[in-house]
Amino acid sequence: MEEIYFDFYKAPFCTIKVSANKKGVFSIKFVKNIGKSKKNEITKLALKEFDNYFKKKIKTLKFPVSLNLSSFQKSVLNYIKKIPYAEVKTYKEVAEKIGKKNGARAVGQALKRNPLPIFFPCHRIIRSNGSLGGFSGGLNLKKNLLKLEGFKSKRIK
């Protein structure tokens with residue numbers, strides 16, 4: 001049976017649980033409380049990167065990941081990984097960029113199942129009408145992440 005490791009990071013406005021195996025991180029969840037940790041080198045690296053991200057020392061998380069995704073979800077997540085820090089795109093723009101012109105809702109569903117929020121920065125995706133859309137950590141956290149990154153726009157309602 002595969003060994004599972006996990007650790008917690010207390011960010012300024014959320015608590016993050018990072019779960020990994022020997023190959024990489026496979027889950028990032030927003031939790032209420034810090035629990036007991038079972039660390040490995042990958043979870044330690046992930047928490048160090050989260051610390052640097054929240055202190056604005058880095059703009060992209062690069063720790064190793066271990067994921068089993070559909071080809072569509074891979075295409076969505078790989079595209080949003082390239083969206084620059086402090087910028088946003090719409091679900092429709094993402095769908096068009098990955099070759100699924102009418103796939104905005106499918107993009108939304110793929111992002112709803114994003115196993116690694118912040119690593120794959122789905123908080124940078126908004127609705128075409130300028131509203132925030134959804135986020136696994138809640139809309140308040142989405143707003144705070146965009147604010148942390150310095151995103152400024154009247155585009156968001």
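Visitor: Before we look at anything, what are helices here, and how are they numbered?
Guide: Helices are DSSP runs of H or I with at least four residues, and they are numbered from the N terminus. Please also keep in mind that this is a predicted model.

Visitor: OK, so which helix gives the most to the lining of the largest pocket?
Guide: That is helix α4, residues 104-112, which gives 3 residues to the lining. The residues that line this pocket include G108, L111 and K112, along with others such as Y91, R127 and F135.

Visitor: What volume does the largest pocket have, and what is its lining like by class?
Guide: Its volume is about 230 Å³, and the lining is made up of 5 nonpolar, 5 polar and 2 charged residues.

Visitor: I see C122 in that lining. How many disulfides does the structure hold?
Guide: There are 0 disulfides in the structure, although C122 does line the largest pocket.

Visitor: Why no bond for C122?
Guide: The closest cysteine sulfur to that of C122 belongs to C14 and is 12 Å away, which is too far for a bond, because a disulfide needs the two sulfur atoms within 2.5 Å.

Visitor: And are C14 and C122 buried or exposed?
Guide: C14 is buried, with a relative accessible area of 9%, and C122 is buried as well, with a relative accessible area of 6%.

Visitor: Changing topic, which strands does β2 pair with?
Guide: Strand β2, residues 15-20, pairs with strand β3, residues 25-31, in the antiparallel sense over 6 bridges, and strand β1, residues 5-10, also pairs with β2 in the antiparallel sense over 6 bridges.

Visitor: What joins them up?
Guide: β1 and β2 form a hairpin with 4 residues between them, and a hairpin through 4 residues also joins β2 to β3.

Visitor: Which residues does V18 stand opposite?
Guide: On the β1 side, D7 stands opposite V18, while in β3 the bridge partner of V18 is I28. Elsewhere in this pairing, K17 stands opposite K29 in β3.

Visitor: Is β2 mostly covered or exposed?
Guide: β2 is mostly covered, with 5 of its 6 residues buried.

Visitor: Last one: how many residues are in the largest nonpolar core, and where do they come from?
Guide: The largest nonpolar core has 41 residues, and those with the most contacts inside it are I16, V25, F50, F54, I80 and L111. At least two residues of this core come from each of β2, β3, α1 (41-54), α2 (71-81), α3 (91-97), α4 and α5 (139-149), and the largest share, 6 residues, comes from α1.

Notes: Residues are numbered from 1 along each chain as its sequence is written. This is a predicted model: local features need pLDDT of at least 70, side-chain atom pairs count only at pLDDT 80 or more; totals for chains, interfaces and linings use all residues. Side-chain values use heavy atoms; hydrogens and water are left out. Buried means under 20% relative accessible area, exposed over 50%, partly exposed in between (1.4 Å probe, protein chains only). On a 1 Å grid over the protein atoms alone, a cavity is a set of points where a 1.4 Å probe fits but cannot get out, and a pocket is an open set with protein on both sides within 12 Å along at least five of seven lines; lining residues have an atom within 4 Å of a point. Grid points are joined across faces, edges and corners, and a volume is the space filled by probe spheres set on the points. Ala, Val, Leu, Ile, Met, Phe, Trp, Tyr, Cys and Pro count as nonpolar, Asp, Glu, Lys and Arg as charged, and the others, Gly among them, as polar. Two strands pair if DSSP finds at least two bridges between them. A nonpolar core is a set of buried Ala, Val, Leu, Ile, Met, Phe, Trp, Tyr and Cys residues joined through side-chain atoms within 4.5 Å.
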